[in-house]
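Dear colleague,

Please find below the structure that I am handing over to you, together with its sequence. My notes on what was found in it follow directly after.

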Amino acid sequence: MIPNGTTMRNGASDGGENFSLRDILLEGRKLSFSERTAFFSEWINDRAACGESLYLRNVLSAADREVTIYDRYAQAPRRMLMFGSNNYLGLTAHPYVRERVRRAVDEFGTGVGGPPLLNGYSRLHAELEERLAAFKGKEAALILSSGYGTNVGLLSCLTSRNDTVVHDAYCHASFHDGLKMGTAAGVKFAHNDVDDLERLLEANAGRGGDTFVGVEGVYSMDGDTAPLDRIAPLCKRHGALLLVDDAHGTGVLGPGARGTAEHYGVDHLVDLAMGTFSKAFGVSGGFVAADRAVIDYLRFFCRSYFFSASMPPMVAAAVLGCLEVLEAEPEIQQRLLDNVAYCAAGLRRLGFDCNPESPILTLILPETVNLRKGAYHFHRRGIFLNSIEYPAVPAHLQRFRISMMATHTREDIDRLLEVVEEVWDRYVVPHGLDVRVHRDA
Ligand code: PMP
């Protein structure tokens, strides 16, 4: 039996969505492959047996506001309200998008069987690249079959040996992995600390080579935005190239739903506008929009583009469908923002200090409270949300992560709030650990 928390103190992430379970769990152990797999198998099965594992919940329906899952503890299917999907606009089930995908399957079949430069570049891929370039206000765009692969490809091919990449400490794992594969020096600045970024840019001046600055529009684990209104002009002043990973902001923020840079009015100052299709567009894939020369370069130097099969045309059709829906029904974005505001107001009434900048709302739980018990309470009460624990975030920042959708109803949100209150009353208040700041009577 492996003791709870074994060796898990070392190597935690310092925040954001970046950690290596391998480094943390296996650090210092000289284990053969079979010992390693046996060790991990025991560790994970222990947790499942205690009713502590809600990973791999088997979803039996579309990722909408309400889903059916197969509950392995109750051994039966059950309906749950979905507050754990990044399908923020609720477009996976939109009739227009479904119909567009159906038509694409009729026309193109299910996939292409090859990379874009050879046989995998359909009319829909070309059309989507053009639409995305216009959406992001850039000359050109290129699409890849995953958001993860987009960052890995970009970071490993854009820079050369003399370059420096100054990036936010909370950047996504894919950003860090791409950096490791490239040859440029990577330097972290403290999360959203513009003064720290400025200090590093000044220290880097005259070092030779290009300087890239990497940030996220919306940070996936905290839901806060990068202050691009300050960061973008700072980059220009220092001649640094700005790369914004707006996986969570694209389709969500800004008056035209074009993302966080539009929200801050600085789209024109972003050199590389990266995004994914796995959030507001509800499918999967990634893209980058930039000057045409940059995109032409990437097509031949970005290995995750060059050496990987294109996304199926039906996926490109789904994203095109979402862009068309966004244009035709801008009220969907507004509904999402209204839902976020409604939920935040409810959480504030319960005493949480909640002023969200995006559809990601986080409820931090004190370190000594058993997060998994709370998570299982949500599960039993039919609320599907994600619990994020150490080592994904530092232990004192363990949390429940709520993802809002445009399709949630007020009743759904009221139900969520009811169960949040139950969890706090049952698991937090009795320990005298209620960190809510201002409970209303
Ligand atoms: N960047 C950020 C900020 C993300 O949150 C994610 C997904 N969690 C990715 C990149 C990777 O995107 P995908 O899941 O679409 O591969």
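Which residue is the bridge partner of V67 in strand 3? The bridge partner is M80. Before going further, please note that this is a predicted model, in which local features need pLDDT of at least 70 and side-chain atom pairs count only at pLDDT 80 or more, while totals for chains, interfaces and linings use all residues. Residues are numbered from 1 along each chain as its sequence is written, and side-chain values use heavy atoms, with hydrogens and water left out.

**The protein as a whole**

The protein contains 15 helices and 14 strands; helices (H or I, at least four residues) and strands (E, at least two) are DSSP runs, numbered from the N terminus. Its radius of gyration is 22 Å, close to the 22 Å that the globule rule gives for 441 residues, so the protein is as compact as a globular protein of that length. That radius is taken over C-alpha atoms, and the rule is 2.2 Å times the number of residues to the power 0.38. Of the 441 residues, 53% count as buried (buried means under 20% relative accessible area, exposed over 50%, and partly exposed in between, with a 1.4 Å probe and protein chains only).

**An open sheet**

Strands 1, 2, 3 and 12 form an open sheet of 4 strands in the order 1-2-3-12, with mixed pairing. Two strands pair if DSSP finds at least two bridges between them. Strand 1 (58–59) and strand 12 stand at the edges with a single partner strand each, so one side of each is left without a neighbour in the sheet. Strand 2 (residues 66–71) and strand 3 (residues 76–82) run antiparallel and are joined by 6 bridges. I69 stands opposite R78 in strand 3. The two strands, 2 and 3, form a hairpin with 4 residues between them, and Q75 in the turn has a positive phi of about 50°. Strand 3 runs parallel to strand 12 (residues 383–384), to which 2 bridges join it; here M82 has F384 as its bridge partner.

**Salt bridges**

The structure holds 21 salt bridges, each being a side-chain nitrogen of Lys or Arg within 4 Å of a carboxyl oxygen of Asp or Glu. In one of them, the side chains of E127 and R100 meet at 3.5 Å, N to O. This pair links distant parts of the chain, with E127 in helix 4 (residues 123–135) and R100 in helix 3 (residues 95–108), 27 residues apart. E127 is partly exposed, at 25% relative accessible area, whereas R100 counts as buried at 11%. R131 and E324 also meet in a salt bridge (3.4 Å, N to O). R131 lies in helix 4 and E324 in helix 12 (residues 313–328), 193 residues apart. These four residues belong to a network of salt bridges that links R100, E107, R123, E127, R131, E324 and E327.

**Helix 10**

Which residue of helix 10 is buried, with a relative accessible area of 15%? That residue is R299, which lies in helix 10. Leaving aside its neighbours within four places in sequence, R299 is in contact (heavy atoms within 4.5 Å) with residues including L117, Y121 and E129. Y297 also lies in helix 10 (residues 292–301), and counts as partly exposed at 35% relative accessibility.

Yours sincerely
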